[in-house]
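Reader: Could you walk me through this one? I'd like to talk about the contacts.
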Number of protein chains: 2
Amino acid sequence: MPEKSDLPQGTLDLLILKVVGLGAVHGYAIAQRLQQVSRDVVQVPQGSLYPALHRLENRGLLAADWKETESGREAKFYRLTRKGRAQLEAETASWRRLAGAVGLILRMSEGGAE
Amino acid sequence: MPEKSDLPQGTLDLLILKVVGLGAVHGYAIAQRLQQVSRDVVQVPQGSLYPALHRLENRGLLAADWKETESGREAKFYRLTRKGRAQLEAETASWRRLAGAVGLILRMSEGGAE
DNA sequence: GTTAGATATGTAGAAGAACGAGGTATAGCT
DNA sequence: AGCTATACCTCGTTCTTCTACATATCTAAC
């Protein structure tokens, strides 16, 4: 049973942008996809998901249209705006830079500073 | 000029625990060390640093004594408690799990779901 | 001698994110 | 009729982080 890992602040936005960047999807599917791909490491509660989507939409990074799902239900499909795609690239680079730095620090040993 | 990367929530605690785990240090030196090792990617403002240290001390993860610096000034030297060392290990594992998952997601491509 | 910068610590207030708990509604299965 | 999965949403709490401010000492330049 994998323990749930709370996402650090800001990371959720990046992951959402990434998934939406692969093709229009609705919110519920985004959460499912993140959970699948991460093998249950990333689990997005709805109380985090929907506020994040509205946030990104308000910032002009996502746009949405109501469409029908394959199963016949109405759902709000999100897609990246041009601004959103730029933001995705910036945040991806930023994440890699940061993750690299944290990795460096975690690999530090007593003699590592000099 | 490397752009400042705000640390995601929770990460600062991990990095502080890591540095303190290498040997007793005072707060100001922790920030310097993080900046050096990360090549300026991680920059810790004092308004984040000291509250974090007090938080960790209150949670029983760090303990502190006033001592003299090499340069002759009084400073508060922190060290890991047993609880703090356990926490460091747990958070390190948690970070690796999370960073791995985010990496997986960021490497996703259109066909990556099946 | 005094001004500036680095060292070293701290607080206050605001902004923002994440989460749990709650609510609505439809579709399909038994 | 009841249960589960799908699909959307909001409210209030909690926690972290950051900007700005405030203090004090030591060293070096001028």
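Author: A term to begin with: a residue is near a molecule or strand if its C-beta atom, placed from the backbone, lies within 6 Å of it. Please keep in mind that this is a predicted model.

Reader: OK, so how many residues surround DNA strand C, and which are the closest?
Author: DNA strand C is surrounded by 30 residues, and the closest are Gly47(A) and Ser48(A) from one chain together with His26(B), Gly27(B) and Tyr28(B) from the other.

Reader: Which elements supply that surface?
Author: At least two residues each come from α1 and α3 (46-58) of chain A, and likewise from α2 (27-37), α3 (46-58) and β3 (74-80) of chain B.

Reader: And what's the split by class there?
Author: The surface near DNA strand C has 14 polar, eleven nonpolar and five charged residues.

Reader: Switching to the protein contact: how many residues does each chain put in?
Author: Chain A gives 29 residues and chain B gives 29 residues. On the side of chain A that touches chain B, α1 (11-21), α2 (27-37) and α4 (82-106) each supply at least two residues, with the largest share, eleven residues, coming from α4(A). That side of chain A divides into 17 nonpolar, eight polar and four charged residues.

Reader: How are the two chains related, then?
Author: Chain A superposes on chain B, with an RMSD of 0.1 Å, after a rotation of 180° with 0.0 Å of shift along its axis, which is the relation of a two-fold axis.

Reader: Why do you say the copies meet through the same surface?
Author: Because 100% of the interface residues of chain A are also interface residues in chain B.

How values were computed:
Residues numbered from 1 in each chain as written. Chains lettered and ligands numbered in written order. Predicted model: local features only at pLDDT ≥ 70, side-chain atom pairs only at ≥ 80, totals over all residues. Contact = placed C-beta atoms within 7 Å. Helix = DSSP H or I, 4+ residues; strand = E, 2+ residues; numbered from the N terminus. Nonpolar A, V, L, I, M, F, W, Y, C, P; charged D, E, K, R; others polar. Least-squares fit on C-alpha atoms with pLDDT ≥ 70 in both.
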